[in-house]
Amino acid sequence: TCATIRMPEVNTDHLDEQQVQLLAEMCILIDENDNRIGAETKKNCHLNENIDKGLLHRAFSVFLFNTENKLLLQQRSNAKITFPDCFTNTCCSHPLSHPQELEENDAIGVRRAAQRRLKAELGIPMEQVTPEEISYLTRIHYKAKSDGIWGEHEIDYILFVQKDVTLNPDPNEIQSYCYVTQKELKQLLDKAARNEVKITPWFKLIAETFLFKWWDNLNNLNKFVEHGKIHRM
């Protein structure tokens, strides 16, 4: 007989209605080597009580650059349940537990999920960024608390795109956005270090380790492709 894990009850009445609806989405549960072991709601995947017991899910982070080599950043809306008001990379979300996004060959499921969320969050038309135009570099495994109740524990697929796109952001997801140069991002990171602005923990980790090296090589990213590796952060 299978032992069922009892999930904690959390009151969400005070949270944004649109964001609460998204908590019912089914994320992909994985082990520490990114092998799929099941599915669980977005809500349960992001409760610290479950994360502390080892619950881990699959995610992605998109870094979209325009043809001037500037990186598109977003500031998460204050309606977001985890890390509201934080600046972060272009788009961060999860593939869902349905056939289109479960397909693992060449991370095509994750890349389809990225296309879906670029449209949902930033309003980028689906035909402007196809899965084939999204490059999968590597994966990072990290854990971070947002507050006493909510947090993240993910293996995050790092995805790069370079293209000029049309933007029409959803204000429930994003309160502001901007394209930045390397110098401007370094200034933002300095501000975050002085607690003048907030940035997401995964973006901070990636910016402090790999991002600028990748950014210097946008025309030659192949040498950084590490599909067999998971960086433990």
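Author: Before we start, accessible areas here come from the Shrake-Rupley method with a 1.4 Å probe. Also, keep in mind that this is a predicted model.

Reader: OK, what share of the accessible surface belongs to carbon and sulfur atoms?

Author: Start with the total: the protein has an accessible surface of about 11,200 Å². The part that belongs to carbon and sulfur atoms is 46%.

Reader: Why does a radius of gyration of 17 Å agree with a compact globule?

Author: The chain has 233 residues, so a compact globule would come out near 17 Å. Its C-alpha trace spans about 55 × 40 × 30 Å along the principal axes. The radius of gyration of the protein agrees with the globule value, because it is also 17 Å.

Reader: And how many of the residues count as buried, in percent?

Author: A residue counts as buried when its relative accessible area is under 20%. Of the 233 residues in this protein, the buried share is 54%.

Reader: Which helices give two or more residues to the largest nonpolar core?

Author: That core has 33 residues, and those touching the most other members include Phe63, Leu71 and Trp214. Strands S3 (57-65), S4 (71-76), S7 (135-145) and S8 (151-162) each give two or more residues. The helices that do so are H6 (182-193), H7 (201-209) and H8 (211-215).

Reader: Which residues of helix H7 (201-209) does Phe63 contact?

Author: Leave aside neighbours within four places in sequence, and Phe63 is in contact with Leu71, Ile158 and Leu211, among others. Helix H7 covers 201-209, and the contacts of Phe63 in that range are Phe203 and Ile206.

Technical notes: Residues are numbered from 1 along each chain as its sequence is written. This is a predicted model: local features need pLDDT of at least 70, side-chain atom pairs count only at pLDDT 80 or more; totals for chains, interfaces and linings use all residues. Side-chain values use heavy atoms; hydrogens and water are left out. The radius of gyration is taken over C-alpha atoms; the globule rule is 2.2 Å times the number of residues to the power 0.38. Buried means under 20% relative accessible area, exposed over 50%, partly exposed in between (1.4 Å probe, protein chains only). A nonpolar core is a set of buried Ala, Val, Leu, Ile, Met, Phe, Trp, Tyr and Cys residues joined through side-chain atoms within 4.5 Å. Helices (H or I, at least four residues) and strands (E, at least two) are DSSP runs, numbered from the N terminus. Contact means heavy atoms within 4.5 Å.
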